[in-house]
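Q: Please take a close look at a single part of this model. I want to know how its side chains are covered and paired, step by step.

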Amino acid sequence: MKVFSILLFLGVSFAAHSKIKVITTTTNLADLVRQVGGDFVEVESLCKGSQDPHFLEAKPSYTFKLSKADLLVSIGAGLEEGWLPLVIRGSRNPDIREGQSGHLVASDVVSLLEQVKGEVSRSQGDVHPEGNPHFMLGPSKVIEVAKAITSKLTSLDEENKENYNKGFKAFEERMTLSLDRWKKKFSNSIKVISYHKTLTYFYDEFGVDNIDVLEPKPGIPPTASHIIGIISKVKSEEVKKIIVENYFDETVAKRVSKEVPRVQVEVVPVAVYGKKEVDDLFTLYEYLVNKIGE
Amino acid sequence: MKLFLILSMIITSYSLNAQSLSQTSRGNKFNPSIGLNALTLYKNGSREVENDGISIQEIELQFSSDVDAYFRAEATIALHQEESEEGEHSHEFKVEPEEIFVETLSIPNMTLKLGKFYANFGKYNAIHSHALPFIYRGKVQEEIFGDEGLAEAGIGLSFLAPAPWFSEVSIQALQPTNETLFVDSHHSMAYVLKWKNLWDLSDAMTLEWGLSGLSFSDHNHRSELEAKTRLYGTDLTFKWRPTKDGKSSSFMWSTEYIQKHISGTENLDENINKKIGGITSFVRYQLAQRWYAQAQYEFLGLGKNDDTKDINAYTALLALIPTEFSSIRAQFDSIHDGNDKPEKRLSLQLNISIGAHPAHVY
């Protein structure tokens, strides 16, 4: 009986202190969960910082990780549709299916830019009719997602409600202060060309004018005729920088820069751990601000 | 009956935020995902010249949707042009339900599957034509399972084993109708067992190893006739895709070995006792974002107990994959089957996908 009581006590105390196991699809989401959940969560991202989350493969090892998860946080808006549904099904974890209590789809809690109105077809490239899914690069949008993560963690672990609220408040405060400081770097009008529409929310936040993208259509690599058009725009619009997300090839950007030498090519990370020194959302935005701002 | 009651209780007892069944229609939100894959083929070979030229190799129509809070359903209807008999040209199309099944969504830790589906045996039997690594199923697969693989009506159960890596066990009981493997039997089932493991060697590399077995025994008590089929297989796949620049470089090496033993009395062509096995091994190297090169070697004749000639088949393939919805593949086969001259075959395939395109198995 004594042994049973000890075991029961150990079991109860272990349960009381066990961390919420969270799996996220991207490192940006993982860092946000870590900022809010602190020591009360155990977080892992499926996609690495240098990988493009559009094109991940449905690895069975992801399935294994999701089978043990209490919470899955995904981006949504079609970003992971090429691999995540299969991984969720394979996990045989009914709690993390879309619409269930253990799955938070971040795009459900923010208003998305570039929603497609009217007809849409695949001849337009890899379009997301629901809107641009790269909102984790907009600091204000990220605060909204952090709020939703706080509510979700609280609903799964009511006992640590105060700790999650504290984590959120600290994150919100630091992000708001940082935003004021970062915005000073964008007082002049800045015009850029990007490779893909990954930084749309960042540009929106800081008032950067994204003149065009190197891809003729989303997901379609640059063509010669499109690049000729880009070169003439770079000349006429006085564009100073071409921003290439570091999971794309910068060769074409360098070719444009060769034609118009005043144009600088900046290869930037767009996710936490996309570069060695970028180890959280603050260092990620700081890096982008320093490379894109003036 | 008892089993049925227990199953019903398991399925329905799990708490879910179920959608109200009364919500039968909300625009087209509840329509199934519909996708179509079409394979157009040009072939020029040194044998079976009646099948040369342009043809529709296969059209796969796929539907998938959650049925309710407890089940998900998937159907794949295939249309393919029938092979021409010697001396005549066939233009007929055959329609076949390749897979039509439901599987459970709400039971924790396991999936139950019911309907007609591909047997989970080895690495490549359960893959649909449009997702096969080469244009044709291959000599070993054709010899072991027949032209269209092994797909039967039945029931399956799969679960993740309690191991610190991905380890999946699948057990299926199938109604045997495949003429290459079974005698027609309404009373005996074929049982398939597969154990699949995958290890992440690093963020960029994985190693997959599988073991498969199939057993079928039929005993007719009136005539005392017997029929048995046994299949054993193992497969090993290594994949590499770097986390940086992973869109333009990758490598894969995959090898599968399958051994078949069919034995029986009169109703299997008089005391048949046939043993044959084969091995298939291929490499795939990604040359650039849209270009892949592949090479395959097949040997058929391992562990055989008759005097049929061995087959050595060599295949080379070059693929241009503009997007995940289209690909153009050129393949050259040289098949040495003991005849004076080996069979040479050149094929060009256009593979397109419209509508919903579910993720492919890793």
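A: A residue is buried under 20% relative accessible area and exposed over 50%; in between, it is partly exposed. Keep that scale in mind, as the model is predicted and the account starts at the surface.

B:Ile328 has a relative accessible area of 39%, so it counts as partly exposed. This residue belongs to strand β15 of chain B, residues 326–336. B:Ile328 shares a nonpolar surface patch with B:Tyr42, B:Ile54, B:Leu348 and B:Leu350. Together the five offer about 470 Å² of accessible area.

Now the contact between the chains. Chain B brings 44 residues to it, chain A 32. About 3100 Å² is buried between them, with carbon and sulfur atoms giving 51%. On the chain B side, B:Thr243, B:Lys247 and B:Tyr362 lose the most area to chain A. Those three make up 19% of what that side buries.

Charge pairing comes next. Side chains of opposite charge can pair when their charged atoms come close. Seven salt bridges run between chain B and chain A. One of them joins A:Arg97 and B:Asp66. Their closest N and O atoms are 3.2 Å apart; the cut-off is 4 Å, so the pair qualifies.

Over all chains, the structure holds 24 salt bridges. Within chain B, B:Arg72 and B:Glu74 pair at 2.5 Å, N to O. Both B:Arg72 and B:Glu74 are buried. Another chain B pair is B:Lys123 with B:Glu208, at 2.9 Å between the closest N and O atoms. B:Lys123 sits in the loop between β5 (110–118) and α2 (139–145), while B:Glu208 sits in strand β9 (205–220), so this bridge ties together parts 85 residues apart in sequence. B:Lys123 is buried, at 11% relative accessible area. B:Glu208 is buried too, at 2%. Salt bridges with shared partners also build a network: A:Arg89, B:Arg72, B:Glu74 and B:Glu103 are joined in it.

Chain A has its own example. A:Lys233 meets A:Asp212 in a salt bridge, with 2.7 Å between the closest N and O atoms. A:Lys233 is in helix α8 and A:Asp212 in strand β6 (209–213), so the bridge ties together parts 21 residues apart in sequence. The two ends differ in cover. A:Lys233 is partly exposed at 31%, whereas A:Asp212 counts as buried at 18%.

Two helices of chain A show how cover is arranged. Helix α3, residues 60–67, has six of its eight residues buried. These are A:Pro60, A:Ser61, A:Tyr62, A:Thr63, A:Phe64 and A:Leu66. Both chains supply cover for them. From chain A it includes β1 (20–24), β3 (71–74) and α4 (84–91). From chain B it includes β6 (151–160), β7 (166–174) and β8 (190–200).

Helix α9 of chain A covers residues 251–259, with A:Val252, A:Ala253, A:Val256 and A:Ser257 buried. Viewed down the helix axis, the buried residues of α9(A) fall within an arc of 145 degrees, so they line one face. The background is simple: an α-helix has 3.6 residues a turn, so residues three or four places apart point the same way. Cover for the buried residues of α9(A) includes α8 (224–236), β7 (241–245) and β8 (264–268) of chain A. Helix α8 thus appears twice, since A:Lys233 also lies in it.

How values were computed: Residues are numbered from 1 along each chain as its sequence is written. Chains are lettered from A and ligands numbered from 1 in the order in which they are written. This is a predicted model: local features need pLDDT of at least 70, side-chain atom pairs count only at pLDDT 80 or more; totals for chains, interfaces and linings use all residues. Side-chain values use heavy atoms; hydrogens and water are left out. Buried means under 20% relative accessible area, exposed over 50%, partly exposed in between (1.4 Å probe, protein chains only). Helices (H or I, at least four residues) and strands (E, at least two) are DSSP runs, numbered from the N terminus. The arc is that of the directions from the helix axis to the C-beta atoms. Contact means heavy atoms within 4.5 Å. Patches are made of residues with over 30% relative accessible area and no salt bridge: like charges are joined within 9 Å, nonpolar side chains (Val, Leu, Ile, Met, Phe, Trp, Tyr) within 5 Å. Accessible areas come from the Shrake-Rupley method with a 1.4 Å probe; for residues, only the protein chains shown count as cover. A salt bridge is a side-chain nitrogen of Lys or Arg within 4 Å of a carboxyl oxygen of Asp or Glu. Buried area is the accessible area (1.4 Å probe) that two parts lose on being put together, summed over both.
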